[in-house]
Amino acid sequence: MSPSPRIAWRHSTLRIIRVHPPYCAPYDQHAIRHAPAHDPVRARAVVAGLSTVATVAEELDPMLRRDIGHPRHIGDLDHVAVGCWGDIVQIGDPALGEDGILSTNLDAAFDAQVKAHPEARITAVCEMNSAETYSKYLAHVPGQPRLSADGWDDQYVTGNPAQLLRAVGVDPGAPGAECLDTDQDKPFIGVEYLDLLACGLHSIYSKENLTVSVFKVTRTEDAQEAIDDVWHQD
């Protein structure tokens with residue numbers, strides 16, 4: 001009998017954030033303490049509508065967002081965390097993970113969110129670390145072309161990062177806005193850039209008190225196959 005599979009990655013950050021109009025002022029480590037309270041009823045509706053979820057099997061105890069860890073055991077791969085703070089929705093789901101070679105799981109989930117909520121700013125991050133780190137960053141701003149940046153050592157960028165920032169009125173001097181510098185040939189897209197589009201919510205602040213709902217789910221057949229391909233190490 002073969003041993004049970006193990007988690008193939010040492011660390012991951014997997015997150016989709018929707019910011020619905022009217023767009024709030026950006027949060028920082030101080031303002032985040034005054035964010036709206038989490039809405040667990042709305043979170044239940046969000047998780048039930050995810051393209052990666054077949055059914056919601058159980059609602060687990062809520063957690064602070066800053067305490068959500070990387071999946072360490074196979075059972076963790078069936079846990080989805082959803083935060084709903086006013087006009088902002090965050091989805092954390094291991095099914096968003098990619099291996100950087102054969103899978104494009106984040107794209108499908110991101111595109112499903114854009115199709116369902118075209119009026120929202122939607123941003124996504126997939127960072128997977130083992131011996132090396134693979135990263136992908138996606139962004140949708142209404143009325144603007146889709147942005148994608150991914151790679152291992154170098155980034156392959158499609159779309160116009162500067163155009164998206166100008167569309168949301170970002171100050172050229174803001175951290176993460178280096179792509180607005182005309183002398184910057186190859187801007188780096190990362191979490192700081194996504195923060196500029198998502199009101200600062202991709203960053204995790206050490207003293208924040210944002211709460212999320214956590215759900216144990218069953219998967220669609222396609223989502224389960226994708227999870228097995230990316231996460232399982234025999």
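**Pairing, burial and pockets around strand E2**

Trainee: Why are E2 and E7 said to pair?

Mentor: In this predicted model, E2 and E7 run in the antiparallel sense and share nine bridges. Pairing requires at least two bridges, so the nine between E2 and E7 satisfy the criterion. One of the bridges links isoleucine 16 to alanine 124 in E7.

Trainee: How do you know that E2 and E6 pair?

Mentor: Their antiparallel pairing has four bridges, and the threshold is at least two, so E2 and E6 also qualify. Within E6, glutamine 90 is the bridge partner of isoleucine 17.

Trainee: What makes E2 mostly covered?

Mentor: Eight of the nine residues of E2 are buried. Each of those eight therefore has under 20% relative accessible area.

Trainee: Which elements cover the buried residues of H2?

Mentor: The covering elements include strands E2, E6, E7 and E8, together with helix H5. Among the buried residues of H2 are Leu106, Phe110 and Val114.

Trainee: Why is the span of H2 called close to the expected value?

Mentor: H2 comprises twelve residues and reaches 17 Å from its first C-alpha to its last, against an expected 16 Å.

Trainee: Which strand gives the most to the lining of the largest pocket?

Mentor: E2 does, with five residues. That pocket has a volume of about 570 Å³, and the lining residues closest to its centre are Ile68, Gly69, His70, Pro71 and Ala81.

Trainee: Why is Gly200, in the lining of the second largest pocket, counted as polar?

Mentor: Gly is placed in the polar class by convention, so Gly200 is counted there. By class, that lining has five nonpolar, two polar and three charged residues.

Technical notes: Residues are numbered from 1 along each chain as its sequence is written. This is a predicted model: local features need pLDDT of at least 70, side-chain atom pairs count only at pLDDT 80 or more; totals for chains, interfaces and linings use all residues. Side-chain values use heavy atoms; hydrogens and water are left out. The expected span of a helix is 1.5 Å times one less than its number of residues. Buried means under 20% relative accessible area, exposed over 50%, partly exposed in between (1.4 Å probe, protein chains only). Contact means heavy atoms within 4.5 Å. On a 1 Å grid over the protein atoms alone, a cavity is a set of points where a 1.4 Å probe fits but cannot get out, and a pocket is an open set with protein on both sides within 12 Å along at least five of seven lines; lining residues have an atom within 4 Å of a point. Grid points are joined across faces, edges and corners, and a volume is the space filled by probe spheres set on the points.
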